[in-house]
Amino acid sequence: EFAAALLSQGKGAAFYIQPSTGTLKAFQQFTIEIAAYNNMWGEYQDNLVCKVGDLRPKLIPMQMTVKGCPIFLQLISPWPFTWTGRNAAPSRFGTQVSGGAPVLRRVQLNNPTPFDIRLDLEVYNQEPDDEKLVDLLVLFGDPFPPMDMAGDEAASSGSTSESEVMLNTQECTFSKEFRSILRRATLSLESTREKNISVLLRPHEGVPADSPYSIAPRQIVVPGGGSSDVYISFTPLVLPDTEAELCCDGLVLGFMSLDSKLARMVPHKVRRSHGYEVPPLRVHMEAVLRHPLLEVETDHDRGVVFYSVASDLLPARPFYGVLTDAVITQSLKLMNCTKVPLYFRLFLSTPSMPFSLSCTDPKKSTKTSHSKKEEREHQPQHVLYPQQNMLVKVSFHTTLELLRYQHLPETQLLPGFQVLQLENGERKLKFNQNLVIEHSNYTTQV
């Protein structure tokens with residue numbers, strides 16, 4: 001509260017002198033403490049005025065340089081808590097499914113300074129095998145002109161800047177492209193004095209990209225003493241089958257601009273640089289991609305295998321007649337051992353087969369009895385959170401209709417049906433079918 005009171009005049013810096021008055025006795029030495037408070041970057045200078053009686057005031061020059069980015073982040077999450085971090089704090093997207101749905105984070109940018117700060121946000125991918133050290137930027141006009149709602153350069157800026165050109169400084173010789181850039185810059189300077197060219201050498205931060213990370217809006221004004229929201233999106237890439245996981249590291253740089261002339265300079269008092277001349281806002285982003293995989297645990301080591309005999313259709317009391325259906329059921333457990341919720345659907349691979357599925361949990365129940373492609377989207381979607389499991393019951397139905405298949409020729413048998421002829425003349429029917437787990441990224445697990 002004391003610092004806020006000192007900085008309440010909105011100048012970005014204040015000096016507090018203690019004590020500010022007193023009596024200096026003969027041959028006495030006295031120490032005065034000067035405390036500097038600030039909430040805005042810049043180069044400050046002023047005079048400490050020392051008045052002694054009726055003598056001419058003594059001016060003691062003071063200078064102070066404040067560096068750094070004042071903008072700090074506040075991650076707004078859907079849960080009942082907020083996460084606040086200072087500059088360079090990472091935005092973690094956690095472990096995500098390969099090729100899954102985009103993940104959106106709303107980030108609140110807080111501006112504690114008295115001036116409006118315009119941020120131009122750029123996204124970079126940080127690749128582990130990137131050996132580039134520096135970037136050479138050739139800039140025409142204002143590198144960060146104000147933009148309108150459509151993303152076009154605002155006419156009020158009076159700038160006709162072209163897109164920046166990033167050159168690989170591993171090559172020492174200037175290419176024809178670079179010489180043509182300089183030629184166009186010279187012609188631009190001759191045509192109008194408002195245009196200028198600047199060459200900037202800066203450390204290599206990463207590769208500019210819009211995937212897998214993106215941010216919107218790309219330009220935003222954070223009002224002084226207020227806040228603005230931006231949205232960072234992570235779109236999971238499709239992970240190759242040969243890789244178990246992939247770490248995605250990204251970086252958002254927010255270059256700060258001051259549109260107010262008073263904020264940029266007060267003659268003989270304050271001077272503030274902006275754009276590439278001041279350290280930008282840095283937001284590190286982290287995410288891990290993995291393949292969706294459910295662990296399957298069955299009742300027996302041999303898997304889900306059913307043994308049925310035709311006599312199962314004979315009831316205990318013969319006068320009741322022959323049964324139309326005899327059901328054998330086995331259970332299997334689906335477990336999520338990953339670090340991310342897995343969304344999936346269950347269906348059988350072949351239609352018209354004597355198998356059916358059911359789930360013991362009513363919240364995850366499914367009435368899958370056949371498997372048609374057009375029915376997949378209508379199947380209920382299940383979700384298993386990390387370390388959760390679900391019990392699925394698989395049933396085999398012995399019917400009178402199945403017994404007729406033993407007399408059909410092989411050409412009329414459906415896929416998955418097989419008639420086994422034994423040496424003693426007996427016949428057996430064998431049915432093979434797959435239980436398919438279709439994940440949210442449309443990859444399947446059989």
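Tutor: Quick definition before we dig in: buried means under 20% relative accessible area, exposed means over 50%, and partly exposed is what falls in between. Keep in mind that this is a predicted model.

Student: Got it. Is Phe144 buried or exposed?
Tutor: The relative accessible area of Phe144 is 4%. The cut-off for a buried residue is under 20%. At 4%, then, Phe144 counts as buried.

Student: Let's do the aromatics. How many aromatic pairs does the structure hold, and what kind do Phe2 and Tyr16 form?
Tutor: There are 13 aromatic pairs in the structure. In the one made by Phe2 and Tyr16, the centres are 5.1 Å apart and the planes stand at 85°. Planes over 60 degrees apart fall in one class, so with its 85° the Phe2 and Tyr16 pair is edge-to-face.

Student: Which elements hold Phe2 and Tyr16?
Tutor: The two rings sit in distant parts of the chain, 14 residues apart. Phe2 belongs to helix H1 (residues 2-6), and Tyr16 to strand S1 (residues 13-18).

Student: Where does Tyr16 fall on the scale from buried to exposed?
Tutor: Its relative accessible area is 30%, and the class between 20% and 50% is the one that applies. Phe2, at 44%, lands in that class too. Tyr16 is therefore partly exposed.

Student: And what kind of pair do Phe144 and Tyr276 form?
Tutor: The Phe144 and Tyr276 centres are 4.8 Å apart, with 45° between the planes. Stacked needs under 30 degrees and edge-to-face needs over 60, so the pair of Phe144 and Tyr276 is tilted.

Student: How many residues apart in sequence are the parts that Phe144 and Tyr276 tie together?
Tutor: Phe144 is in the loop between strands S10 (134-140) and S11 (165-168). Tyr276, which is buried at 16%, is in the loop between strands S19 (270-271) and S20 (281-290). The two loops are far along the chain from each other, so the pair ties together parts whose separation in sequence is 132 residues.

Student: Now the largest pocket. Which element gives the largest share of its lining?
Tutor: The pocket has about 1,100 Å³ of space and a lining of 34 residues, with Val305, Phe306, Phe355, Phe396 and Phe431 nearest its centre. Among the elements that give two or more residues are strand S22 (325-335), strand S26 (389-399) and helix H4 (400-403). By class, the lining has 22 nonpolar, nine polar and three charged residues. The largest share, five residues, comes from S28.

Student: Which residues form one aromatic cluster?
Tutor: Several names from the pocket come back here: Phe306, Phe355, Phe396 and Phe431 lie nearest its centre, along with Val305. The cluster consists of Phe306, Phe355, Phe396, Phe417 and Phe431.

Student: How many charged residues are in the lining of the second largest cavity?
Tutor: About 40 Å³ of space lies in that cavity. Val107, Leu109 and Leu121 are among its lining residues, and S8, strand S16 (227-234) and S20 each give two or more. By class, the lining has nine nonpolar residues and no polar ones, and the count of charged residues is likewise none.

Student: Last one. Which side chain makes a polar contact with the side chain of Asn110?
Tutor: Asn110 is in strand S8 (residues 103-110), and it is buried at 10%. Beyond four places in sequence, its contacts include Pro70, Phe72, Val222 and Ser227. The polar contact, at 2.8 Å, is with the side chain of Gln108.

Notes:
Residues are numbered from 1 along each chain as its sequence is written. This is a predicted model: local features need pLDDT of at least 70, side-chain atom pairs count only at pLDDT 80 or more; totals for chains, interfaces and linings use all residues. Side-chain values use heavy atoms; hydrogens and water are left out. On a 1 Å grid over the protein atoms alone, a cavity is a set of points where a 1.4 Å probe fits but cannot get out, and a pocket is an open set with protein on both sides within 12 Å along at least five of seven lines; lining residues have an atom within 4 Å of a point. Grid points are joined across faces, edges and corners, and a volume is the space filled by probe spheres set on the points. Helices (H or I, at least four residues) and strands (E, at least two) are DSSP runs, numbered from the N terminus. Ala, Val, Leu, Ile, Met, Phe, Trp, Tyr, Cys and Pro count as nonpolar, Asp, Glu, Lys and Arg as charged, and the others, Gly among them, as polar. Buried means under 20% relative accessible area, exposed over 50%, partly exposed in between (1.4 Å probe, protein chains only). A polar contact is a pair of N or O atoms within 3.5 Å; within protein, one must be able to donate a hydrogen and the other to accept it, and residues adjacent in sequence count only if both atoms are side-chain atoms. Contact means heavy atoms within 4.5 Å. Rings of Phe, Tyr and Trp (its six-membered ring) pair if their centres lie within 6.5 Å; planes under 30 degrees apart count as stacked, over 60 as edge-to-face and the rest as tilted.
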